[in-house]
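Take a walk through this structure, from the whole chain down to single residues. Each term is explained where it comes up.

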Amino acid sequence: MTVLVGLVLAATTVTTGAASAGEVATQAFDTAPATASAPTRSFQGMLPAPTGPYAAGEDVIHLTDASRPDPWVPSSGPRRLTVTMVYPAVPGTGTPAPYMTLAEAAGVIQRQKLPASSGVTAQNLSSVTTHAFDGARPQHGRYPLVVLSPAYEDPRMTLTSLATDLASHGYVVALVGHTYEDSGETLANGQTPPCAICDDPTLDLDSVATSRALDVSFLIDRLTHGNTAWRLAHLIDKHEVGMAGHSLGGAAAAATMIADARVRAAVNMDGTFHPAPMPGQINRPFLMLGAAVNHAPGGDDYTVWEQAWAALGGYKRWLTVAGADHFSFADLDLLLEEAGFPTPPLSPERGVVITRAYVTAFFDRTLKGIHSPLLDGPSPNNPEVLFQS
């Protein structure tokens with residue numbers, strides 16, 4: 001779902017966490033026109049500041065995979081991707097980075113038919129404060145690479161609060177925009193094509209996850225080999241690569257891990273597996289982090305996660321968050337709150353704190369070899385987080 005799909009849906013069903021991205025999207029489209037007048041008249045979004053010792057630098061890069069036609073619009077030519085690179089930077093350098101381009105923000109608003117009375121405009125949506133800085137001076141050193149894949153219909157920016165925090169703790173982060181799979185990613189030619197597959201009721205989400213795995217493997221190639229696609233690629237430790245995804249992006253993380261042995265650790269944040277991994281396919285570290293309403297016993301998606309859990313062969317954790325909804329693991333609930341909509345029982349701020357803390361602890365352990373007691377068992381400081389196994 002796009003940012004405003006999340007806003008609209010959560011305004012009417014604040015505890016909804018979909019069993020599949022398609023089901024969430026369908027419900028969002030059904031409810032959007034009737035509920036769009038609820039927000040405040042003026043929207044001014046701000047993401048939480050990162051918590052680590054470094055600032056977050058940002059670059060946007062554009063890639064073209066000449067070996068692969070676009071899977072959704074073959075007539076457009078080879079597969080093109082827009083990627084936001086977020087990296088450990090020197091505080092006080094660079095200029096504030098926009099949340100998204102004006103065209104990307106307009107695409108979100110147009111897709112959801114959000115009326116002017118909502119107070120959300122392309123200008124103020126694109127200007128959400130991110131605490132990332134364009135052109136910031138990088139810290140010296142080499143850092144693990146973490147690729148982030150958003151939910152189905154979500155532009156890549158919806159994982160910005162996680163990306164900036166990981167960068168502040170010493171990770172290079174690649175936020176992937178999967179072209180034609182969301183409300184619009186601005187490409188190198190300045191065009192921002194809309195979603196080509198979002199309204200297809202017969203869409204096979206397994207095929208989307210598989211396609212995303214190809215996107216990510218191509219990205220890793222371009223960041224770590226030969227004439228790299230990013231001016232700061234020397235910051236990346238190519239032997240320490242992880243991936244995390246929200247919703248369908250979580251399914252893509254699993255699919256990428258199966259297809260690409262370079263991904264040493266992965267996280268699925270509140271996503272149905274498409275398909276669930278089979279025994280022997282994933283024997284490297286994997287974290288399943290989701291809303292209790294979806295992924296604790298009796299939850300909508302519990303059976304699929306139980307099947308995946310049994311198949312995982314490496315270090316693994318299955319955590320659920322009480323009071324969370326499907327949007328608690330991205331920027332969506334924060335934007336919802338700032339636009340004046342109702343929020344789930346778990347405050348948006350706690351959702352961000354928990355997501356950042358546990359994802360960072362997982363990658364610290366698996367990519368840096370740093371032990372964190374957060375992953376050992378329940379924590380009195382995080383009573384919402386339940387260990388399922």
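A residue is called buried when its relative accessible area is under 20%, exposed when it is over 50%, and partly exposed in between, with a 1.4 Å probe and protein chains only. By that rule, 62% of the 389 residues of the protein count as buried. The model is a predicted one: local features need pLDDT of at least 70, side-chain atom pairs count only at pLDDT 80 or more, and totals for chains, interfaces and linings use all residues. Residues are numbered from 1 along each chain as its sequence is written, and side-chain values use heavy atoms, with hydrogens and water left out.

Next, the overall fold. The protein has 11 helices and 11 strands. These are DSSP runs, numbered from the N terminus: helices are H or I with at least four residues, strands are E with at least two. Contact means heavy atoms within 4.5 Å. Among contacts with a separation of 6 or more, 74% are between residues 24 or more positions apart.

Now pick out helix α11, residues 348-368. The expected span of a helix is 1.5 Å times one less than its number of residues. For the 21 residues of α11 that gives 30 Å, and the end C-alpha atoms are 29 Å apart, which agrees. How enclosed is α11? Of its 21 residues, 15 are buried, so the rest of the structure largely encloses it. Just after α11 comes G369, with a positive phi of about 75 degrees.

T355 sits in helix α11. Its relative accessible area is 4%, so T355 is buried. Not counting residues up to four places away in sequence, T355 touches L162, M269, L289, S328 and F329.

T355 also helps to line the largest cavity. A cavity is found on a 1 Å grid over the protein atoms alone: it is a set of points where a 1.4 Å probe fits but cannot get out, and lining residues have an atom within 4 Å of a point. Grid points are joined across faces, edges and corners, and a volume is the space filled by probe spheres set on the points. The count comes to 1 cavity of 30 Å³ or more. The volume of the largest cavity is about 30 Å³. Its lining consists of S161, L162, S328, F329, A330, D331, V352, T355 and R356. Two elements, α5 (160-168) and α11, give two or more residues to this lining. The largest share, 3 residues, comes from α11.

Move on to strand β9, residues 286-291, where M288 is placed. M288 has a relative accessible area of 0%, so this residue is buried. Leaving aside neighbours within four places in sequence, M288 is in contact with N268, F273, W305, A308, W309, L312, R317, W318 and L319. M288 and W305 are 17 residues apart along the chain, and their C-alpha atoms are separated by 8.2 Å.

Last comes the disulfide. A disulfide is a covalent bond between the sulfur atoms of two cysteines. Here the term covers a pair of cysteine sulfur atoms within 2.5 Å. The structure holds 1 disulfide. It joins C195 to C198, with an S to S distance of 2.0 Å. Which hand does the disulfide have? The torsion about the S-S bond of C195 and C198 is about 90 degrees, so the disulfide is right-handed. C195 is buried, at 15% relative accessible area. C198 counts as buried too, at 7% relative accessibility.

Definitions and conventions
On a 1 Å grid over the protein atoms alone, a cavity is a set of points where a 1.4 Å probe fits but cannot get out, and a pocket is an open set with protein on both sides within 12 Å along at least five of seven lines; lining residues have an atom within 4 Å of a point.
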